[in-house]
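Work through the exercises below with the model open. Each task is followed by a solution in steps.

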Amino acid sequence: MGLGMALLEETVLDPRLGGYVTDDLASYHVPVNADVREMDVSWIEDEDFRVSPMGSKGIGEIGIVGAAAALANAVFNATGIRIRDLPITPAKLVGRIPGIRD
């Protein structure tokens, strides 16, 4: 989720009509298995039936809080360019990197 937020996911509005151009999964890009090489998944064996009927706890949203910032810092460290709006795309870098033109 953090990788998608930082690099791929973008909501685009039609400036003429005000509707969403990216209104389905065919036009809204999200990461797939081929985009991510390896993941380390850990299970927490603690059940809590007060949280949910299944006893499971969702922690995915908590874990992605720093992912976009970490990727933005990695781009800054590699290029010297600070990108402050998401997603971070090549188009936002081209023209700002010394020696590279549009």
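**Exercise 1: contacts and core**

Task: find which residues Leu93 is in contact with, leaving aside neighbours within four places in sequence.

Solution. Contact means heavy atoms within 4.5 Å. With the neighbours within four places left out, Leu93 is in contact with Val75, Thr79, Ile81 and Ile83. The model is predicted: local features need pLDDT of at least 70, side-chain atom pairs count only at pLDDT 80 or more, and totals for chains, interfaces and linings use all residues. Residues are numbered from 1 along each chain as its sequence is written, and side-chain values use heavy atoms, with hydrogens and water left out.

Next, place Leu93 in the largest nonpolar core, which has 6 residues: Ala72, Val75, Ile81, Ile83, Ile88 and Leu93. Such a core is a set of buried Ala, Val, Leu, Ile, Met, Phe, Trp, Tyr and Cys residues joined through side-chain atoms within 4.5 Å. Buried means under 20% relative accessible area, exposed over 50%, and partly exposed in between (1.4 Å probe, protein chains only).

**Exercise 2: Arg96 and Asn33**

Task: classify Arg96 and Asn33 by relative accessibility, and locate each.

Solution. Arg96 lies in the segment after helix 4; helices here are DSSP runs (H or I, at least four residues), numbered from the N terminus. Arg96 counts as partly exposed because its relative accessibility is 47%. Not counting residues up to four places away in sequence, Arg96 touches Ile81, Arg82 and Ile83. Its C-alpha atom is separated by 27 Å from that of Ser27, 69 residues apart along the chain.

Asn33 is found in the loop between helix 1 and helix 2. At 73% relative accessibility, Asn33 counts as exposed. From Asn33 to Glu47 there are 14 residues in sequence and 29 Å in space, C-alpha to C-alpha.

**Exercise 3: rings and a peptide bond**

Task: which ring does the charged end of Arg82 sit over?

Solution. The criterion is NZ of Lys or CZ of Arg within 6 Å of the ring centre and within 35 degrees of the ring normal. The charged end of Arg82 sits over the ring of Phe76, 4.0 Å from its centre.

Task: which residues does a cis peptide bond join?

Solution. Most peptide bonds are trans. Leu86 and Pro87 are joined by a cis peptide bond, with omega about 0°. Pro87 has its place in the loop between helix 3 (67–79) and helix 4 (90–93).

How values were computed:
Helix = DSSP H or I, 4+ residues; strand = E, 2+ residues; numbered from the N terminus.
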